[in-house]
Amino acid sequence: MIVVDFRLSQGSFTLDIRVRLDRPITALFGPSGAGKTTVLDAIAGLRTPLAGAIAIGGRSLFDSDAGINLPPHHRHVGYVAQDVALFPHMSVRRNVLYGRREGQKLLLSTVANMLEIETLLDRNVPQLSGGERQRVALARALMSAPEVLLLDEPLAAVDVERRRRILPYLERVRDELRVPIVYVTHDRGEASQLADEVVVLAAGRIVEREGPQPDASGNGDAA
Amino acid sequence: MRGMQIWEITSFTIATAAFATLLMLPPGLLLAWLLARGRFHGRLLVDTAVSLPLVMPPVATGLVLLFLVAPRGPLGRLLTEAGVDIVFTWKAVVLAMAVMGLPLFVRTVRAGIEQVDRRYEAAAATLGAGPLRVFFTVTLPLSRPAVLAGAVLGFARALGEFGATVMIAGSIPGSTRTLAVAIYSFAETGRDTDAALLVGVSAAIAFVALALANWISSRPGVRA
């Protein structure tokens with residue numbers, strides 16, 4: 001369960017987000033500038049709300065009343081930003097292993113196999129295609145054993161064909177690793193295909209919440 | 001002047017300048033990072049103070065240093081108790097060179113760090129890396145060309161240091177006499193040929209160092 005309840009000023013408006021996320025995959029859907037990415041930034045600790053509380057599974061990450069504000073490196077949140085930000089000066093392998101936590105059970109081979117990046121491990125980042133970067137960034141985030149995975153428009157940078165091929169990987173992450181995913185998109189179809197719940201944002205506020213779309217059930221086993 | 005003497009002055013100058021460059025690295029990297037990424041009160045003050053030796057007369061900077069590290073100065077007293085003499089030794093030469101080279105190093109590295117895309121640092125942080133690890137594994141490697149260029153510039157500046165050196169190290173042959181100081185001493189005492197010879201040597205070293213700095217900064221470094 002992810003509790004997000006905060007206010008954060010951003011440019012001309014103030015985000016006021018109050019939501020409890022308890023489904024395996026939640027999509028944050030809304031037009032550009034609605035504040036979707038800011039919500040992810042706040043959960044990851046990259047932006048500090050004015051007030052409120054953020055907690056994952058009962059662990060408080062931010063609580064303005066209690067004076068809690070964990071820095072990003074103590075939050076155990078996997079965040080794949082829209083531009084994926086793979087480290088350009090490291091090999092794919094070093095990228096993926098960068099955030100590996102001590103004592104965590106997840107093996108590189110497991111993740112590499114699941115996301116089909118074994119053959120990419122010894123390559124350099126500039127040699128990767130857009131879809132490969134997405135998978136490597138996903139692997140890197142997973143290797144840090146996150147308690148939640150935040151994905152910002154993971155499919156925006158790839159063409160329709162690649163999009164169709166990456167979706168199953170996300171479904172495997174959900175089904176095999178059981179890491180809850182919060183997924184930002186401005187594509188309605190994508191939101192309803194993958195997510196168990198769609199939270200609709202507009203101008204910094206939640207305007208709608210929807211369960212799974214009727215047509216989404218048939219696509220779940222596309223992998 | 002015998003070749004031996006030229007070699008002695010030249011090698012002493014290069015060695016002290018290299019040592020001074022190493023000495024600049026820890027405070028220089030810290031200051032560059034603080035100025036590029038830090039948000040703290042007094043930032044402008046630090047920024048200005050760091051660049052002060054760049055615009056102050058070097059002799060004035062030398063006098064300030066002399067006041068600080070002289071046996072009865074605030075720092076000098078502690079050093080004397082610890083059994084370290086600085087003034088009029090090779091250590092004073094290194095100190096003067098480091099202080100005068102530091103602003104160039106800091107300014108160059110700072111500009112390099114500012115070029116590093118913060119997204120990489122943010123990504124490293126969400127992957128569990130604390131500020132130190134982010135700096136050494138992401139920020140520093142991505143600004144490496146600037147660090148190298150800054151070090152070469154600081155080294156070149158140290159090579160030519162005169163004013164501050166004369167104030168706190170003097171011009172003792174074989175012990176504190178650098179190329180710049182020797183050129184002045186020789187010209188002053190009518191040894192024009194010797195002075196001209198050393199001018200040639202300094203010009204050659206400075207040329208190589210600057211060409212190196214320009215080559216480093218013109219290379220397409222890691223895209224940040």
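Me: Which residue takes a positive phi in the hairpin of β4(A) and β5(A)?

Reply: That is A:G57, with phi near 55°, in a hairpin that has two residues between the strands. Please keep in mind that this is a predicted model, where local features need pLDDT of at least 70 and side-chain atom pairs count only at pLDDT 80 or more, while totals for chains, interfaces and linings use all residues. Residues are numbered from 1 along each chain as its sequence is written, with chains lettered from A and ligands numbered from 1 in the order in which they are written.

Me: What joins strand β4 of chain A to β5(A)?

Reply: Four bridges do, and the strands run antiparallel. Strands pair if DSSP finds at least two bridges between them, so β4 (residues 51-56) and β5(A) pair with their four. A strand here is a DSSP run of E with at least two residues, a helix is a run of H or I with at least four, and both are numbered from the N terminus. Within this pair, A:A55 stands opposite A:S60.

Me: How many bridges join β5(A) to strand β6 of chain A?

Reply: Two, again with the strands antiparallel; the rule asks for at least two, so they pair as well. A:D63 faces A:I68 across this pair. The hairpin has four residues between its strands, and A:G67 takes a positive phi near 70° there.

Me: Why is A:R59 called exposed?

Reply: A residue is exposed if 12 or fewer other C-beta atoms lie within 10 Å of its own, buried if there are 20 or more, and partly exposed in between, with C-beta atoms placed from the backbone. A:R59 has 11, so it is exposed. This residue belongs to strand β5 (residues 59-63) of chain A, and its C-alpha lies 9.2 Å from that of A:I2, 57 residues away along the chain.

Me: What makes B:F88 partly exposed?

Reply: The count for B:F88 is 16 other C-beta atoms within 10 Å, so it falls in between the two limits. Its phi is positive, about 60°, although B:F88 is not a glycine. The residue sits in the loop between α4 (74-81) and α5 (90-115) of chain B.

Me: How do you know that A:R178 is exposed?

Reply: A:R178 has 8 other C-beta atoms within 10 Å, so it meets the exposed limit. It also has a positive phi, near 55°, in a residue other than glycine.

Me: Why is chain A described as compact as a globular protein of its length?

Reply: The globule rule, 2.2 Å times the number of residues to the power 0.38, is set against a radius of gyration taken over C-alpha atoms. For 223 residues the rule gives 17 Å and chain A has 17 Å, so the description fits. The chain holds six helices and 11 strands.

Me: What makes helix α6 of chain B mostly covered?

Reply: Seven of its nine residues (118-126) are buried, among them B:Y120 and B:T126. The cover includes α1 (36-44) and β7 (77-80) of chain A, together with α7 (131-142) of chain B.

Me: How many residues does the contact take from chain A and chain B?

Reply: It takes 17 from chain A and 16 from chain B, where contact means C-beta atoms, placed from the backbone, within 7 Å. The predictor gives the complex an ipTM of 0.88 and a pTM of 0.86.

How values were computed: Two residues are in contact if their C-beta atoms, placed from the backbone, lie within 7 Å.
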